[in-house]
Each structure stands twice: as structure tokens, then as C-alpha cells.
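Trainee: I would like to learn how to read a protein model step by step, beginning with the overall fold and ending with single side chains. Could you take me through one?

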Amino acid sequence: MKFLKQILDFYLNSSIHVALSCYALVRVTFHVFNIQYDEAMALFVFFGTIVGYNFVKYDALVRVKKKPIGVQLKIIAFLSFISLVLVGYYFFHLKRITQIVSVGIFLITALYTLPFFPNRKNARNWAGVKIYIVALCWVGATLVLPLINAEIPFTANFFIKCIQRFVLVFVLILVFEILDLANDDPHLQTVPQTIGVKKTKVLGFSLLVPFWVVGILSFDFHDLIINLIMVIMLMLFILFANPNRSKYYTSFWVESVPVFWWLMIEFL
């Protein structure tokens, strides 16, 4: 049992799970816009997420705090290096405009991690900004990039789906912020720190209404039912979220929501 827990912890700590969630959202994008499966695009996002998230999580730990590197961190570093090589490989299989936009998303991720401005903290520590940067990066990587690479024109439907995707990621992050309430620096001014847990939950519930209503606009009964299941699932995660929950509540179960969404589309 201890060995299985170690495997699960490595799976989560190495960002493979969150990368799978991003991959799942790319597959959802393919389905929604009737794009043929694009391996280079999907795997570019998958391995790019591993590199980006591990950079964000462990850069300060190693570069700033000078923490000793243990065995697991060395393995994660090796995995991140292999992922970086694969990101480079798939990068050159993307269209030029997709490459340019993906570099822009990378720069936002770097801004989130590194203090580019003198005497300023990185964007991750800017009060009240974190949730919007993360949500925008997810929308860019899992929806904008696949459409650009497939040369799909930016119609009204595209902007509607961007809002829907942004709301989904925003709500998922709200659950994370509720659980991290006791550990987050008060200066971050996260949503629960600013308005409290109860109002944060109300906000999450309120945002899920337009998330589902947007699905109605597709006039696809199959997708409408799946989106309704998604909304109910998310509402339950919000309802039972509290700072005393195990880390697996968010790092595994909540981050599995995009994967459930993709699997429902594929098999229901």
C-alpha cells in the first residue's frame, strides 16, 4: 500500500496528472470543433504542461531556497528534461503561427514564475492575479492553439467556447484556493481570502450556470447532457471543498474533471 501511495505521489508531483487533464481538454476541443486528431498538437500540450508546471513548482525550491535535491526530485527533473526534448520535437511539427502563439504562452508562464521587473515579485505572487493568469494559459494552450493549428477561423462560437473554458478552469482553481486557504500567503488575496469560503462557493455555483447555458447554444443533445453531468460534478466538488480536505481531493480528483469530460464525450 505504501508503494502504491509513493507511485501516486510521484504521478501527481511530476505533473503527469495535470498534463493529462490538459491533454483531455485538447481532445475536447477537437471534438467540439470537429478537428481531426492532431498528435503533434495534443502531445505538444501534454509534454509542455509537464515542463511548465514542474518549472513553476520547483524553480523557487531549487533556485531560491537552495533545497537539497532528493531522489524523487532528480527523477522529476529527468522526466522534465525528456519532456522538454519532446516539446521541442513536436514544436517543429506545428504551423508557424501556432509556434509564435505558443511562445507567447510560454512567456506568460515564465512571467508567472520569474521576477522580470526589478524589485518586483513574480506574477504568481501578485495580489489577486494568479487565478486569471492560470485560467488564461489553460484556455490558450487547450483551445486557442489547437484551433490556430487547424486553421479554424475565430467566429463568435470560438469566443463563446473560450469563455466557457475560462469559466471551467476558473471554477476548478476556486476549489484549489479553498483547500489552500490555510497555507496561502494572505498577501496573495485569493478569492476565498477576499470574500470568504461561503461566498467563493456561491460564486462557483453561479459561474457554472452560464457554463451549462453556453452548451445549449451548440444544439447538441449529447453534449448538453454531458455538460450537465459536468456541472453537477463540479458543484459537488465545490460543495464539499474545505481547507481540511486531503491534498488528493484537488490534486487528483478535481484535476480529473477534464479527463472525465473527455471520456464521457468518447464513450457515452
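The dialogue below goes from the whole chain to helix pairs, the core and two single residues.

Trainee: Which kinds of secondary structure make up the protein chain, and how many of each are there?

Mentor: Please keep in mind that this is a predicted model. The protein chain has 12 helices and zero strands, and so, read from the N terminus on, its elements run α-α-α-α-α-α-α-α-α-α-α-α. Of its 268 residues, 46% count as buried. Among contacts between residues at least 6 apart in sequence, 72% join residues at least 24 apart.

Trainee: What describes the packing of two helices?

Mentor: Two packed helices are described by the angle between their axes together with the distance between those axes. Here α6 and α7 pack at an angle of about 140°, and their axes are 9 Å apart. The two helices are therefore oblique to each other, since only angles over 145 degrees would count as roughly antiparallel. In passing α7, α6 makes a right-handed crossing.

Trainee: Which residues of α6 and α7 meet?

Mentor: On the α6 side they include Ile-131, Trp-138, Thr-142 and Leu-147, and on the α7 side they include Phe-158, Arg-165, Phe-170 and Glu-177.

Trainee: At what angle do α7 and α10 pack?

Mentor: The angle between α7 and α10 is about 25°, with their axes 9 Å apart, and these two helices are therefore roughly parallel to each other. Their crossing is left-handed. Where they meet, Gln-164, Leu-168, Val-171, Leu-172 and Val-175 in α7 face Asn-227, Met-230, Leu-234, Phe-237 and Ile-238 in α10.

Trainee: Which residues touch the most other members of the largest nonpolar core?

Mentor: That core has 67 residues, and those touching the most other members are Phe-44, Leu-168, Met-230 and Trp-261. The elements that give two or more residues to this core are α2, α3, α4, α6, α7, α9, α10 and α12. The most is given by α7, with 13 residues. As for Met-230, once its neighbours within four places in sequence are left aside, its contacts are Leu-168, Phe-211, Val-257, Trp-261 and Met-264.

Trainee: Turning to single residues, is Thr-142 buried or exposed?

Mentor: Thr-142, which lies in helix α6 (residues 130–149), counts as buried because its relative accessibility is 0%, and the cut-off for buried is under 20%. Its side chain makes a polar contact with the side chain of Arg-165, at 3.0 Å. Leaving aside neighbours within four places in sequence, Thr-142 is in contact with Cys-22, Leu-25, Val-26, Thr-29 and Arg-165. Arg-165 is also among the α7 residues that meet α6, and so the polar contact between Thr-142 and Arg-165 joins the two helices.

Trainee: How would you read Trp-253, and which residues does it touch?

Mentor: Trp-253 is found in helix α11 (residues 247–253). With a relative accessible area of 43%, Trp-253 is partly exposed, because that class lies between the limits of 20% and 50%. Not counting residues up to four places away in sequence, Trp-253 touches Phe-237, Tyr-248 and Phe-260. Sequence separation and distance in space can be read side by side for one of these partners: Trp-253 and Phe-237 are 16 residues apart in sequence and 8.8 Å apart in space, C-alpha to C-alpha. Phe-237 appeared earlier as well, among the α10 residues that meet α7.

Definitions and conventions: Residues numbered from 1 in each chain as written. Predicted model: local features only at pLDDT ≥ 70, side-chain atom pairs only at ≥ 80, totals over all residues. Heavy atoms only, no water. Helix = DSSP H or I, 4+ residues; strand = E, 2+ residues; numbered from the N terminus. Buried < 20%, exposed > 50% of the residue type's maximum accessible area, 1.4 Å probe, protein only. Polar contact = N/O pair within 3.5 Å; in protein donor to acceptor, adjacent residues only side chain to side chain. Contact = heavy atoms within 4.5 Å. Core = buried A, V, L, I, M, F, W, Y, C linked by side-chain atoms within 4.5 Å. Axes fitted to C-alpha atoms, helices over the stretch in contact; angles between N-to-C directions. Parallel < 35°, antiparallel > 145°, perpendicular 65-115°, else oblique. Left-handed = near helix turned anticlockwise from the far one by under 90°.
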